[in-house]
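Let's take a friendly walk through this structure, with cavities and aromatic rings as our stops. Keep the view open as you read.

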Amino acid sequence: MNLALRDIRHNLGRFLLTCVGLSLLLAVVLSMIGIYRGLVADALTLARAPGADIWVVESGTRGPFAEASRIPGDTREQIARLAGVAVAGSVTFQSIETFHRARKLRLQIVGYEPGRPGGPAEIAGGRMIARSHFEIVADQRTGLALGERLRLGRDEFTVVGLTRNMVSSGGDAIIYMTLLDSQALQFELAPPAARREKARGAAGGGIDTVNAVLARVAPNASAIEVAEAARRWKHLSAMTQGEQETILTRSVVEKARQQIGLFTSILLLVSTVIIALIIYTMTMDKLKEIATLKLIGAPDRRIVALILQQALAMGAIGFGFGAMLIVSVKDYFPRRVLLQPEDGLMLAAAVILVCVLASGLGVRLALKVDPATALGS
Amino acid sequence: MEPRTALAGPDGPRGRAVAPLVELRNISKHFGAGETRVDALRDVSLDLHPGEVIGLLGPSGSGKTTLLNVIGCIVEPSSGWMRLDGETVYDEKWLRHDLRALRLEKIGFIFQFHNLLPFLDSTDNVAIVLDMARVERGAARARAVELLDYLEVGNRRNAFPASLSGGEAQRVAIARALANRPRIILADEPTAALDSQRAGIVMDLLRKVARDQDAAVIAVTHDEKIYNRFDRILTLRDGRLDGEEREIR
């Protein structure tokens, strides 16, 4: 006869309500872990999409994400000629805010040379950019549809392709356009401003500036050696893909990562205390029954099983509901919530461990109950 | 009514030559030490025989519950000697370590407020005792139903305690106390929560159980309306059984 199950069945409403409360708490914990993972994944998305081996940026900087970097457009030719480089491409990055269909859009614009590194890794709908001007590939999070037109700067662009989950480290959806369009958008002045600059005698200056050059190395070449060559002979800063990812996660999103990590730890701690309190209270409610059981001869293992099984059932149901809840609402979060199976399993294991430890309090209380209290009560 | 000693003679209270089910010799129990010492029981000696239904009276604080706890192996005496159902369980110290198993095996408890487990129906409230004694589930439930029928609450076998009347709940509690066929039944104010009619019915049931199962019943009570249902009434005062024992039947 399973006493834990019988007690749960008898107080099913109350038990389920407790489980729902716990599941909401665990859903918050799971969502925080997902937000943490999403933050790191988002930060790496932009850097990983081009599939580059080397990032070449302005000398003395750790750009283009951690610091500003501006290098001449012809740098790509110099890098492409280095031994071991298979292909290189120039890229620009800029944040932009615009209004479209009466709503604000915050975008990360990536300019790249079609056919060279820097473009989207894959297309979820439509096609890649095929023309030199006025075509864009937008992420689904922008809410733009294929064929839709979007005004950016002084020009209007047509959405020809869609990507999925391509966002910047700040969570802004990414739009890809040709390098020429992005340079015009970033550096070309509006006619009145250009006239004013010309009137004050400022040099016209070209707009062939990029933020970074991305290179892929040949199959048998070493990215580290190519990066070293770029640093030594071209007087530029060069990082391998691994170094760029480290900069992104350890510098660009470090504070946010720490903040979320700390908050998640606090939530886990709070959850532990709450689970312990719930189990302790559940045990307190059953002291008379426990005393009676002891008096009529129930061995300690039956009483321990009663408490432990209920604690584990509560943890399992709470975690199950919580996981289902967060899986069903995660796409409605403004930023990506990345739920990984291993995180779920780790949290489940942590919940089980917490339930076992927390039930220790209840078990201790139950084992101290004097069976004599059943008499005369 | 004639004064008697609490130690019944070798012939037992009804003249039968039977061994006592409960034998207490010079049992004392004190709590605390020094100035705070309280002597709850002082040199209590007592024999209970099969088939006997004994009432235990006494003012509040006289040691009735302590005596019940000692016989029920819940509280360890400070000194003395005790034998239950032919087995010496205490001789200046416990001689058995598995006192819960001892209770499960030899003693049935009936409480003032029935103390049924609220999450089990009547049948399982009775069967749980057998379940703990590792009796197979089907057999345990069959025995439980048999007892509920015997105590005339078989029609309430699927009811939960919250839906039972006071009398029904107490009968289920009695059935639970009898499930493992204990020969010693300890009752703490078994009729306190019942009206006089139901109290009489419960006491008649206890008498029937004592007779049918050859068990000894000892009940702590303040309920004067059931005094005539006991074979003997023992009175505790300041931890001592007073010399006067009333034989009712």
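In this predicted model, the second largest cavity holds about 40 Å³ of space. Its lining is made up of M1(A), A127(B), D131(B), V135(B), R137(B), A140(B) and R141(B). Two elements of chain B each give two or more residues to this lining, namely α3 (122-132) and α4 (137-150). With three residues, α4(B) gives the most. By character, the lining residues split into four nonpolar and three charged, with no polar ones.

Now turn to the largest cavity, with a volume of about 70 Å³. I296(A) helps to line it, together with residues of chain B that include R103(B), L104(B), I107(B), G108(B), F109(B) and V129(B). In chain B, α2 (99-106), β6 (107-110) and α5 (166-178) are the elements that supply two or more lining residues, and β6(B) gives the most, with three. Here the lining divides into seven nonpolar, two polar and two charged residues. In total, the structure has three cavities of 30 Å³ or more.

F109(B), one of the residues lining the largest cavity, also leads us to the aromatic rings. Across all chains, the structure contains seven aromatic pairs. In one of them, F109(B) and F111(B) are stacked, with 6.4 Å from centre to centre and 15° between the planes. Are these two residues buried or exposed? F109(B) has a relative accessible area of 2%, so it counts as buried; F111(B) is buried too, at 1% relative accessibility. Over in chain A, ring pairs join W55(A), F65(A) and F93(A) into a cluster.

Note on methods: Residues are numbered from 1 along each chain as its sequence is written. Chains are lettered from A and ligands numbered from 1 in the order in which they are written. This is a predicted model: local features need pLDDT of at least 70, side-chain atom pairs count only at pLDDT 80 or more; totals for chains, interfaces and linings use all residues. Side-chain values use heavy atoms; hydrogens and water are left out. Rings of Phe, Tyr and Trp (its six-membered ring) pair if their centres lie within 6.5 Å; planes under 30 degrees apart count as stacked, over 60 as edge-to-face and the rest as tilted. Buried means under 20% relative accessible area, exposed over 50%, partly exposed in between (1.4 Å probe, protein chains only). On a 1 Å grid over the protein atoms alone, a cavity is a set of points where a 1.4 Å probe fits but cannot get out, and a pocket is an open set with protein on both sides within 12 Å along at least five of seven lines; lining residues have an atom within 4 Å of a point. Grid points are joined across faces, edges and corners, and a volume is the space filled by probe spheres set on the points. Helices (H or I, at least four residues) and strands (E, at least two) are DSSP runs, numbered from the N terminus. Ala, Val, Leu, Ile, Met, Phe, Trp, Tyr, Cys and Pro count as nonpolar, Asp, Glu, Lys and Arg as charged, and the others, Gly among them, as polar.
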